[in-house]
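Here's a quick look at the charged side-chain contacts in this one. Have the structure open as you read.

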Amino acid sequence: MAEEDTREDRRLELVAAVILGVAGILTAFAAYKAALTDGDALKGYTASARTTADANGYFNEAFATYTSDQSLFLEYQVLVEQGDTTTAFVIRDRLFSPELEAGTAAWEQIPVGAPDEPPTPLDTAEYVIPAQDEAIALTEQAADEFSEAQAFDDAGDKFELAAVFLAVSLFLAGVGSLFKARKVQIAILAMAAVAIVPGVIAITQGQSAL
């Protein structure tokens, strides 16, 4: 009977060792992946913030160009309507931006009173500010970078959750061997084994999120 009890004790010790080994390896893996993904998330958020700042710079540049062109065209058009075409065309020749000139040339080709006549050259399809297009492209890029960083962040949360479950498993497996009552040992080791399952699920979810 004593020999049989010794064998049973050894089996329980072996089960505890296996649970400790598996939980320990998975905990190390989860912690490693959490550190990696958190770092990638931080890089992504930083890149998104930097790109957003660049986009805002281009938006400001585009707004300044638009405001300047709007003011120049108004001055030009007032002079044309007053009959001072000489001064008007000096302004156009020397001060119009390439974008305003392209828009004005296209606007002048549209028949007066046409149903789709734009009110000013700045409303034509030909009036395109490169800085505006660059700002829009950078805004979209910043959104993509933020989404990617968020995916890394979410994955990191899953790995950290896995580490919590696995830490519980390690604790239970370590404590279980301290009890003398075999039923208590078996119950605690069973809980330790069960605690590994949600940890593995969280790791799988974290991997899938990448």
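## The Arg92 pairs

Which side chain meets Arg92 in a salt bridge at 2.9 Å, N to O? That's Glu101. Keep in mind that we're looking at a predicted model here.

Arg92 has a second partner, too: the side chain of Glu108 forms a salt bridge with Arg92 at 2.7 Å, again N to O. This pair ties together parts that are 16 residues apart in sequence, because Glu108 sits in helix H3 (residues 98-108) while Arg92 belongs to helix H2 (residues 85-95).

The structure holds two salt bridges, and Arg92, Glu101 and Glu108 are linked in a network of them.

## Buried or exposed?

How do the three networked residues score on accessibility? Arg92 has a relative accessibility of 11%, so it counts as buried; the cut-off for that label is under 20%.

The two acidic partners come out as partly exposed. Glu101 has a relative accessible area of 29%, and that makes Glu101 partly exposed. Glu108 comes in at 41% relative accessibility, so Glu108 is partly exposed as well.

## Val90, also in H2

Helix H2 is also where you'll find Val90. With a relative accessible area of 38%, Val90 is partly exposed.

How far apart are Val90 and Tyr76 in space, C-alpha to C-alpha? The distance is 9.1 Å, and the two residues are 14 apart in sequence.

Definitions and conventions. Residues numbered from 1 in each chain as written. Predicted model: local features only at pLDDT ≥ 70, side-chain atom pairs only at ≥ 80, totals over all residues. Heavy atoms only, no water. Salt bridge = Lys/Arg side-chain N within 4 Å of Asp/Glu carboxyl O. Buried < 20%, exposed > 50% of the residue type's maximum accessible area, 1.4 Å probe, protein only. Helix = DSSP H or I, 4+ residues; strand = E, 2+ residues; numbered from the N terminus.
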